[in-house]
Amino acid sequence: MSAAVVDAPVCSTATAVPSGLIFNVQRFSVHDGPGVRTTIFMKGCPLACSWCHNPESQELAPTFVRLQHRCMRCGRCSDDELALPTVVNKTECDVDLCPTGALQLVGERIDAARLVERALRDRTFFDESGGGVTISGGEPLVQAPFVTDVLRRLRGAGIHTALDTCGFAPWENLRDAAAVADLVLYDLKLMDPVRHEAATGASNERILFNLTALCAWHANVHIRVPVIPGVNADDANIDATARFLRSLNRALPVNLLPYHPSAEPKFARLGKHYTLHGTVSPSTAQLEAIVARFAAHDLVATIGGLSS
Ligand code: SF4
Ligand code: SF4
(Lines give C-alpha, C1' and ligand atoms only; values in the text may rest on other atoms or scores of the structure.)
(Ligands and ions follow the chains in the order given, each with its own letter.)
Protein backbone atom coordinates (compact mmCIF):
# COMPACT_ATOMS: atom_id res chain seq x y z
CA MET A 1 0.00 0.00 0.00
CA SER A 2 1.19 3.52 -0.67
CA ALA A 3 0.24 6.45 1.54
CA ALA A 4 1.14 8.97 -1.14
CA VAL A 5 -2.37 9.07 -2.59
CA VAL A 6 -4.07 9.59 0.76
CA ASP A 7 -5.59 13.00 1.41
CA ALA A 8 -6.04 14.78 4.70
CA PRO A 9 -9.63 15.53 5.62
CA VAL A 10 -10.98 18.96 4.80
CA CYS A 11 -13.85 18.71 7.25
CA SER A 12 -15.60 16.10 9.30
CA THR A 13 -17.99 14.02 7.22
CA ALA A 14 -19.55 12.45 10.29
CA THR A 15 -23.26 11.95 10.34
CA ALA A 16 -25.27 11.21 13.45
CA VAL A 17 -25.80 7.50 14.04
CA PRO A 18 -28.47 6.18 16.36
CA SER A 19 -26.40 4.45 19.00
CA GLY A 20 -23.16 2.74 19.87
CA LEU A 21 -22.16 -0.20 22.05
CA ILE A 22 -19.85 0.66 24.96
CA PHE A 23 -18.59 -1.53 27.73
CA ASN A 24 -17.35 1.00 30.25
CA VAL A 25 -17.09 4.68 31.02
CA GLN A 26 -14.18 5.27 33.34
CA ARG A 27 -13.99 8.58 35.13
CA PHE A 28 -10.84 10.23 36.46
CA SER A 29 -8.44 8.45 34.11
CA VAL A 30 -4.95 9.93 34.21
CA HIS A 31 -3.06 7.78 31.69
CA ASP A 32 -5.08 8.22 28.50
CA GLY A 33 -4.08 11.75 27.61
CA PRO A 34 -3.41 15.05 29.38
CA GLY A 35 -5.14 16.01 32.61
CA VAL A 36 -8.05 14.29 34.26
CA ARG A 37 -10.09 12.44 31.67
CA THR A 38 -13.13 10.32 31.15
CA THR A 39 -12.29 7.27 29.04
CA ILE A 40 -15.08 5.69 27.03
CA PHE A 41 -14.43 2.06 26.17
CA MET A 42 -16.14 0.91 23.00
CA LYS A 43 -17.02 -2.70 22.34
CA GLY A 44 -15.67 -4.66 19.37
CA CYS A 45 -12.14 -5.22 18.14
CA PRO A 46 -10.80 -6.76 14.91
CA LEU A 47 -7.65 -7.98 16.69
CA ALA A 48 -7.22 -10.62 19.37
CA CYS A 49 -3.98 -9.70 21.12
CA SER A 50 -2.66 -12.41 23.40
CA TRP A 51 -2.09 -9.87 26.21
CA CYS A 52 -5.39 -7.99 25.83
CA HIS A 53 -6.44 -6.37 29.11
CA ASN A 54 -10.06 -6.23 28.03
CA PRO A 55 -10.84 -9.49 26.22
CA GLU A 56 -14.51 -8.97 27.10
CA SER A 57 -14.41 -5.95 24.79
CA GLN A 58 -13.49 -7.85 21.64
CA GLU A 59 -16.90 -9.09 20.60
CA LEU A 60 -19.17 -6.51 18.98
CA ALA A 61 -22.21 -7.64 20.92
CA PRO A 62 -23.34 -7.62 24.53
CA THR A 63 -21.50 -10.39 26.36
CA PHE A 64 -22.68 -12.30 29.42
CA VAL A 65 -20.06 -13.38 31.93
CA ARG A 66 -20.36 -15.44 35.11
CA LEU A 67 -18.12 -14.62 38.07
CA GLN A 68 -17.65 -18.10 39.49
CA HIS A 69 -16.48 -16.87 42.86
CA ARG A 70 -19.81 -15.07 43.33
CA CYS A 71 -22.06 -17.85 42.04
CA MET A 72 -23.94 -19.53 44.90
CA ARG A 73 -25.41 -22.26 42.64
CA CYS A 74 -28.89 -20.96 43.38
CA GLY A 75 -30.44 -23.23 40.76
CA ARG A 76 -31.44 -20.59 38.21
CA CYS A 77 -28.58 -21.79 35.98
CA SER A 78 -28.57 -25.52 35.24
CA ASP A 79 -25.59 -27.71 36.06
CA ASP A 80 -24.95 -28.02 32.34
CA GLU A 81 -24.79 -24.24 31.99
CA LEU A 82 -22.48 -23.90 34.95
CA ALA A 83 -20.08 -26.38 33.38
CA LEU A 84 -19.74 -24.25 30.24
CA PRO A 85 -16.66 -22.05 29.98
CA THR A 86 -18.73 -19.19 28.55
CA VAL A 87 -22.19 -17.89 29.30
CA VAL A 88 -24.73 -18.54 26.57
CA ASN A 89 -28.50 -18.31 26.22
CA LYS A 90 -28.86 -15.66 28.90
CA THR A 91 -30.80 -12.43 28.84
CA GLU A 92 -30.77 -9.14 30.71
CA CYS A 93 -33.68 -10.54 32.69
CA ASP A 94 -31.48 -13.42 33.92
CA VAL A 95 -28.87 -10.88 34.99
CA ASP A 96 -31.49 -9.01 37.02
CA LEU A 97 -32.64 -12.23 38.68
CA CYS A 98 -29.19 -13.51 39.65
CA PRO A 99 -29.19 -13.08 43.47
CA THR A 100 -25.47 -12.52 43.88
CA GLY A 101 -24.49 -10.42 40.88
CA ALA A 102 -22.47 -13.36 39.54
CA LEU A 103 -24.14 -13.09 36.15
CA GLN A 104 -23.14 -9.89 34.46
CA LEU A 105 -23.85 -8.21 31.16
CA VAL A 106 -20.88 -6.55 29.47
CA GLY A 107 -22.05 -4.00 26.94
CA GLU A 108 -24.45 -1.08 26.95
CA ARG A 109 -26.19 0.45 23.97
CA ILE A 110 -26.31 4.21 24.24
CA ASP A 111 -27.00 7.11 21.91
CA ALA A 112 -24.38 9.76 21.23
CA ALA A 113 -26.21 12.62 22.94
CA ARG A 114 -26.62 10.64 26.17
CA LEU A 115 -23.01 9.46 26.13
CA VAL A 116 -21.73 13.00 25.65
CA GLU A 117 -24.00 14.22 28.43
CA ARG A 118 -22.58 11.54 30.74
CA ALA A 119 -19.00 12.49 29.87
CA LEU A 120 -19.66 16.18 30.40
CA ARG A 121 -20.59 15.58 34.05
CA ASP A 122 -16.88 15.87 34.85
CA ARG A 123 -16.33 18.99 32.82
CA THR A 124 -15.16 20.95 35.86
CA PHE A 125 -12.32 18.49 36.37
CA PHE A 126 -11.42 18.66 32.68
CA ASP A 127 -11.31 22.44 32.77
CA GLU A 128 -9.21 22.58 35.95
CA SER A 129 -6.68 19.96 34.83
CA GLY A 130 -6.49 20.48 31.09
CA GLY A 131 -8.15 17.10 30.65
CA GLY A 132 -10.93 15.85 28.45
CA VAL A 133 -12.40 12.69 26.97
CA THR A 134 -10.59 9.72 25.42
CA ILE A 135 -12.35 7.12 23.32
CA SER A 136 -10.71 3.73 23.66
CA GLY A 137 -11.79 0.11 23.46
CA GLY A 138 -11.84 -2.54 22.15
CA GLU A 139 -11.14 -0.73 18.94
CA PRO A 140 -13.18 2.47 18.64
CA LEU A 141 -13.04 2.48 14.84
CA VAL A 142 -15.11 -0.70 14.67
CA GLN A 143 -17.96 1.75 15.37
CA ALA A 144 -16.36 4.60 13.45
CA PRO A 145 -19.43 6.68 12.47
CA PHE A 146 -20.71 6.66 16.06
CA VAL A 147 -17.30 7.45 17.53
CA THR A 148 -16.72 10.25 15.05
CA ASP A 149 -20.11 11.69 15.94
CA VAL A 150 -19.31 11.57 19.67
CA LEU A 151 -15.89 13.17 19.17
CA ARG A 152 -17.42 15.90 17.02
CA ARG A 153 -20.06 16.66 19.64
CA LEU A 154 -17.47 16.78 22.42
CA ARG A 155 -15.23 19.04 20.42
CA GLY A 156 -18.19 21.26 19.65
CA ALA A 157 -18.68 21.56 23.41
CA GLY A 158 -15.08 22.74 23.82
CA ILE A 159 -13.76 19.47 25.25
CA HIS A 160 -10.25 18.15 24.52
CA THR A 161 -10.70 14.89 22.60
CA ALA A 162 -8.43 11.87 22.21
CA LEU A 163 -8.77 8.73 20.11
CA ASP A 164 -6.96 5.59 21.30
CA THR A 165 -6.67 3.21 18.34
CA CYS A 166 -4.85 0.09 17.20
CA GLY A 167 -4.99 1.50 13.68
CA PHE A 168 -6.50 -1.63 12.13
CA ALA A 169 -9.37 0.02 10.29
CA PRO A 170 -10.24 1.37 6.86
CA TRP A 171 -8.23 4.57 6.29
CA GLU A 172 -11.34 6.69 5.77
CA ASN A 173 -12.66 5.68 9.19
CA LEU A 174 -9.41 6.63 10.91
CA ARG A 175 -9.15 9.86 8.92
CA ASP A 176 -12.64 11.04 9.82
CA ALA A 177 -12.36 10.21 13.53
CA ALA A 178 -8.84 11.64 13.83
CA ALA A 179 -10.02 14.86 12.22
CA VAL A 180 -12.12 15.56 15.31
CA ALA A 181 -9.56 14.27 17.83
CA ASP A 182 -7.07 16.71 19.34
CA LEU A 183 -4.80 13.78 20.15
CA VAL A 184 -4.40 10.33 18.60
CA LEU A 185 -2.90 7.57 20.74
CA TYR A 186 -1.71 4.98 18.20
CA ASP A 187 -0.61 1.46 19.11
CA LEU A 188 2.42 -0.16 17.50
CA LYS A 189 2.75 -3.72 18.66
CA LEU A 190 5.12 -5.60 16.33
CA MET A 191 6.93 -4.64 13.14
CA ASP A 192 7.31 -8.06 11.57
CA PRO A 193 3.98 -8.85 9.84
CA VAL A 194 4.22 -12.58 10.51
CA ARG A 195 4.94 -12.10 14.20
CA HIS A 196 2.21 -9.46 14.33
CA GLU A 197 -0.31 -11.88 12.92
CA ALA A 198 0.77 -14.62 15.32
CA ALA A 199 0.31 -12.32 18.32
CA THR A 200 -2.79 -10.39 17.28
CA GLY A 201 -4.54 -12.42 14.58
CA ALA A 202 -3.84 -9.94 11.75
CA SER A 203 -0.97 -8.54 9.73
CA ASN A 204 0.28 -5.03 10.51
CA GLU A 205 0.27 -3.80 6.90
CA ARG A 206 -2.87 -1.69 7.24
CA ILE A 207 -1.74 -0.35 10.62
CA LEU A 208 1.57 0.89 9.26
CA PHE A 209 -0.08 2.33 6.15
CA ASN A 210 -2.61 4.22 8.26
CA LEU A 211 0.00 5.62 10.62
CA THR A 212 2.06 6.86 7.69
CA ALA A 213 -0.98 8.56 6.20
CA LEU A 214 -2.07 10.00 9.55
CA CYS A 215 1.34 11.48 10.28
CA ALA A 216 1.23 13.37 6.99
CA TRP A 217 -1.27 15.81 8.46
CA HIS A 218 -2.32 15.20 12.08
CA ALA A 219 -0.40 17.45 14.47
CA ASN A 220 -0.63 15.42 17.66
CA VAL A 221 0.06 11.68 17.45
CA HIS A 222 1.53 9.66 20.32
CA ILE A 223 2.73 6.11 19.86
CA ARG A 224 1.88 3.44 22.40
CA VAL A 225 4.02 0.33 22.52
CA PRO A 226 2.83 -2.44 24.83
CA VAL A 227 5.94 -4.14 26.18
CA ILE A 228 5.25 -7.87 26.30
CA PRO A 229 8.24 -10.04 27.24
CA GLY A 230 8.61 -12.96 24.85
CA VAL A 231 6.35 -11.28 22.29
CA ASN A 232 7.69 -7.88 21.24
CA ALA A 233 10.23 -6.67 23.81
CA ASP A 234 13.28 -7.96 21.93
CA ASP A 235 15.95 -5.62 20.57
CA ALA A 236 15.16 -6.46 16.95
CA ASN A 237 11.53 -5.41 17.28
CA ILE A 238 12.31 -2.27 19.28
CA ASP A 239 14.93 -1.19 16.74
CA ALA A 240 12.58 -1.93 13.84
CA THR A 241 9.84 0.11 15.56
CA ALA A 242 12.20 3.04 16.08
CA ARG A 243 13.45 2.89 12.49
CA PHE A 244 9.89 2.90 11.18
CA LEU A 245 8.98 5.89 13.34
CA ARG A 246 12.06 7.78 12.17
CA SER A 247 11.03 7.09 8.57
CA LEU A 248 7.92 9.19 9.21
CA ASN A 249 10.15 12.26 9.62
CA ARG A 250 8.49 13.17 12.89
CA ALA A 251 9.89 12.79 16.37
CA LEU A 252 6.74 11.13 17.67
CA PRO A 253 6.62 10.63 21.43
CA VAL A 254 6.50 6.98 22.50
CA ASN A 255 4.73 5.61 25.57
CA LEU A 256 5.79 2.18 26.79
CA LEU A 257 2.93 0.24 28.37
CA PRO A 258 4.39 -2.60 30.47
CA TYR A 259 2.70 -6.01 30.32
CA HIS A 260 0.68 -7.00 33.35
CA PRO A 261 -0.77 -10.49 33.86
CA SER A 262 -3.99 -9.23 35.45
CA ALA A 263 -6.09 -10.15 32.39
CA GLU A 264 -5.53 -13.90 32.76
CA PRO A 265 -8.64 -14.50 34.92
CA LYS A 266 -10.75 -12.59 32.40
CA PHE A 267 -9.61 -14.95 29.64
CA ALA A 268 -10.58 -17.88 31.86
CA ARG A 269 -14.03 -16.41 32.52
CA LEU A 270 -14.61 -16.07 28.79
CA GLY A 271 -13.35 -19.58 28.10
CA LYS A 272 -10.41 -18.22 26.11
CA HIS A 273 -6.96 -19.77 26.27
CA TYR A 274 -4.36 -17.42 27.78
CA THR A 275 -1.14 -18.11 25.91
CA LEU A 276 0.97 -15.83 28.11
CA HIS A 277 0.51 -17.85 31.31
CA GLY A 278 3.69 -17.51 33.37
CA THR A 279 4.89 -14.35 31.63
CA VAL A 280 6.11 -11.77 34.12
CA SER A 281 5.97 -8.00 33.81
CA PRO A 282 9.11 -6.37 32.41
CA SER A 283 11.51 -5.09 35.05
CA THR A 284 12.40 -1.44 35.41
CA ALA A 285 15.84 -2.27 34.02
CA GLN A 286 14.29 -3.88 30.93
CA LEU A 287 12.04 -0.89 30.38
CA GLU A 288 14.90 1.56 30.83
CA ALA A 289 16.94 -0.41 28.29
CA ILE A 290 14.08 0.00 25.80
CA VAL A 291 13.91 3.72 26.55
CA ALA A 292 17.64 3.88 25.77
CA ARG A 293 17.18 2.00 22.49
CA PHE A 294 14.58 4.53 21.37
CA ALA A 295 16.86 7.37 22.51
CA ALA A 296 19.62 5.95 20.28
CA HIS A 297 17.22 6.67 17.40
CA ASP A 298 16.54 10.20 18.72
CA LEU A 299 13.11 9.23 19.98
CA VAL A 300 11.81 10.06 23.44
CA ALA A 301 10.13 7.08 25.07
CA THR A 302 8.53 7.24 28.49
CA ILE A 303 7.35 4.43 30.71
CA GLY A 304 3.58 4.42 31.25
CA GLY A 305 0.64 6.03 29.52
CA LEU A 306 0.46 9.67 28.55
CA SER A 307 -0.39 11.89 31.49
CA SER A 308 0.52 15.33 32.70
S1 SF4 B 1 -28.36 -17.14 38.80
FE2 SF4 B 1 -26.38 -16.36 39.49
S3 SF4 B 1 -25.99 -17.33 41.47
FE4 SF4 B 1 -27.68 -18.46 40.48
S5 SF4 B 1 -26.65 -20.17 39.43
FE6 SF4 B 1 -26.84 -18.52 37.93
S7 SF4 B 1 -24.92 -17.33 38.11
FE8 SF4 B 1 -25.08 -18.65 39.93
S1 SF4 C 1 -6.21 -4.05 19.96
FE2 SF4 C 1 -6.49 -3.63 22.15
S3 SF4 C 1 -8.61 -4.21 22.60
FE4 SF4 C 1 -8.06 -5.14 20.64
S5 SF4 C 1 -7.39 -7.19 21.17
FE6 SF4 C 1 -5.58 -5.89 21.06
S7 SF4 C 1 -5.24 -5.17 23.17
FE8 SF4 C 1 -7.35 -5.98 23.06
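**Close-ups of two ligand shells and a domain contact**

**View 1. The shell around ligand 2.** By class, six nonpolar, two polar and one charged residues surround ligand 2 (Ala, Val, Leu, Ile, Met, Phe, Trp, Tyr, Cys and Pro count as nonpolar, Asp, Glu, Lys and Arg as charged, and the others, Gly among them, as polar). This is a predicted model, where local features need pLDDT of at least 70 and side-chain atom pairs count only at pLDDT 80 or more, while totals for chains, interfaces and linings use all residues. Residues are numbered from 1 along each chain as its sequence is written, chains are lettered from A and ligands numbered from 1 in the order written, and side-chain values use heavy atoms, with hydrogens and water left out. Look for Cys45, Leu47, Ala48, Cys49, Cys52, Gln58, Gly138, Cys166 and Lys189 around ligand 2; each has a heavy atom within 4 Å of it.

**View 2. The shell around ligand 1.** Here you'll find Arg66, Cys71, Met72, Cys74, Arg76, Cys77, Cys98, Thr100 and Ala102. Sorted by class, that shell has six nonpolar, one polar and two charged residues.

**View 3. Where domain 1 meets domain 2.** Domain 1 covers 20-57 + 112-303 and domain 2 covers 63-106, with bounds from an automatic or database domain assignment. Seven residues from domain 1 and seven residues from domain 2 make the contact (heavy atoms within 4.5 Å). Zero salt bridges turn up across this interface (a side-chain nitrogen of Lys or Arg within 4 Å of a carboxyl oxygen of Asp or Glu).
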